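Me: I have a model open and want a close look at one part of it, followed by how that part sits against the rest. Please keep the account plain.

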Amino acid sequence: MLERISGSLLDPDALYASNIELFHSPELQGLNLVMGFTGFADAGHVVKQINAELLDSLDAQPVAVFDADQLIDYRSRRPHLSFVEDHIQDYQEPRLALYRLVDGLGKPFLLLAGFEPDLQWERFARAVVNIVEKLDVNLVTWIHSIPMPVPHTRPVGVTVHGNRPELIEGISVWKPTVEVPAAVGHILELRLVEAGRNVAGYVIHAPHYLAEAEYPTAAVAGLEYLGAATSLMLPTDRLRESGREVSRQIAEQIEASEEVQQVVSRLETRYDEKSDGIVRRSLLANENDELPDADDLGAAVEAYLARENPGQ
């Protein structure tokens with residue numbers, strides 16, 4: 001009788017092709033890793049916006065690229081392309097890759113970003129754990145977002161999980177005991193914890209009535225929480241600007257509908273009642289429980305550098 005097998009029989013390291021010179025470079029050792037997978041549990045398109053902002057704003061070097069043909073069910077999630085008059089162009093090839101990026105202060109980190117695999121989850125998880133161990137990753141953080149009955153007029157909520165209590169205590173605003181559909185990030189977190197690696201997952205709470213649209217304010221909150229956990233200066237300026245425009249559009253739509261006004265008002269009342277008396281420790285919020293803007297963060301960084309290098 002065969003033994004019960006946990007995981008895949010296939011070689012997990014054959015799932016990706018690596019940039020050998022960069023992959024084995026000492027500069028990749030001991031970095032922090034951020035993960036974001038699109039395709040599931042992405043209310044407000046938070047993960048999509050965060051991945052795009054990091055890859056567009058920061059210098060990204062591919063470290064490893066995963067084999068999409070082994071991980072994607074193309075017929076259930078068909079890629080897009082453009083048909084232009086008499087020819088086909090702009091095929092949007094599914095991509096899942098590990099990148100080396102450098103933050104706003106010149107600090108390198110790793111980003112695993114792209115589609116959530118449809119297939120071979122255990123093999124993929126083993127491959128990621130192997131990479132984390134080979135590169136001796138310091139901390140793995142990952143992010144996704146869910147729709148919640150919360151108003152857009154209140155601070156963006158977050159639930160934190162993992163095996164780093166100092167990153168969880170006082171931050172999570174919702175601590176349920178529920179059974180939920182698994183995402184590949186959950187499986188990775190389980191396998192990373194089993195391997196004794198540091199991991200923290202962030203669930204951003206997006207207003208349910210904005211879940212199908214891009215909600216930049218929630219993406220900004222996600223970047224700030226990831227940045228605080230990993231001590232990285234992540235870019236948010238463009239998303240903040242987009243968030244201001246989206247907020248203006250939301251305000252106009254609410255102003256035009258008394259019914260929508262009542263819905264938002266009820267959500268505000270319930271939010272305030274449940275939040276009354278709850279003291280939350282935030283890595284980011286100021287005394288008004290608002291996230292700092294880019295100028296505030298820049299001033300804080302300058303003050304920190306002055307303390308660290310008083311003679312310069």
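In which loop is D90 found?

Reply: D90 is found in the loop between β5 and β6, where β6 covers residues 96-102. The model is a predicted one, and every value below is computed from it. At 48% relative accessibility, D90 falls under the 50% limit for exposed and above the 20% limit for buried, so D90 counts as partly exposed. The phi of D90 is near 60°, a positive value in a residue that is not glycine. As background, most residues other than glycine have a negative phi.

E85 is a second residue with this backbone feature. The phi of E85 is positive as well, about 60°, and E85 is not a glycine either. E85 belongs to the loop between β4 (82-84) and β5 (87-89). β5 therefore has E85 in the loop that joins it to β4 and D90 in the loop that joins it to β6. E85 has a relative accessible area of 73%, which is over the 50% limit, so E85 is exposed. A further positive phi, near 60°, is found at S231, which follows helix α7.

Helix α7 itself takes in residues 216-230. Its 15 residues, at 1.5 Å a residue, should span 21 Å, and the end C-alpha atoms are 21 Å apart, which agrees. Of these 15 residues, 13 are buried, so α7 is largely enclosed by the rest of the structure.

Helix α8 (residues 237-255) contains R238. With 46% relative accessibility, R238 counts as partly exposed. Leaving aside residues up to four places away in sequence, R238 touches E53, D56 and S57. R238 and V220 are 18 residues apart in sequence, and their C-alpha atoms are 9.4 Å apart in space.

The strands give a contrasting, covered setting. In strand β2 (residues 33-38), 5 of the 6 residues are buried. β2 runs parallel to strand β7 (residues 108-115), and 6 bridges join the two. One pairing in this set is G36 with its bridge partner A113 in β7. β2 also runs parallel to β8, here with 4 bridges. In that pairing, V34 has T141 of β8 as its bridge partner.

β8 covers residues 140-148 and includes S145. The relative accessibility of S145 is 0%, so S145 counts as buried. Its side chain has two polar partners to note. The side chain of D42 makes a polar contact with the side chain of S145 at 3.5 Å. In addition, a polar atom of the S145 side chain lies 2.7 Å from the backbone oxygen of A43. Apart from residues up to four places away in sequence, S145 touches A41, D42, A43, V46 and I204.

Aromatic side chains come next. The count of aromatic pairs comes to 5. In one of them, the ring centres of F66 and F124 are 5.1 Å apart and the planes stand at 65°, so the pair is edge-to-face. F66 lies in strand β3 (residues 61-66) and F124 in helix α4 (residues 121-134), so this pair ties together parts that are 58 residues apart in sequence. Both rings belong to buried residues: F66 has a relative accessible area of 4%, and F124 is at 0%. Ring pairs link F66 and F124 with Y16, F23 and F37 into a cluster.

For the chain overall, there are 10 helices and 10 strands. Of its 312 residues, 43% count as buried. Among contacts with a separation of 6 or more, 80% are between residues 24 or more positions apart.

Confidence varies along the chain. The mean pLDDT is 87, and 85% of the residues reach 70 or more. Residues 1-5 have a pLDDT below 50, and this stretch has 0 contacts beyond near neighbours in sequence. Residues 281-312 also stay under 50, but the model has 33 contacts for them beyond four places in sequence.

Conventions:
Residues numbered from 1 in each chain as written. Heavy atoms only, no water. Buried < 20%, exposed > 50% of the residue type's maximum accessible area, 1.4 Å probe, protein only. Polar contact = N/O pair within 3.5 Å; in protein donor to acceptor, adjacent residues only side chain to side chain. Contact = heavy atoms within 4.5 Å. Expected span 1.5 Å × (residues − 1). pLDDT = per-residue confidence, 0-100. Pairing = 2+ DSSP bridges. Phe/Tyr/Trp six-rings, centres within 6.5 Å; stacked < 30°, edge-to-face > 60°.
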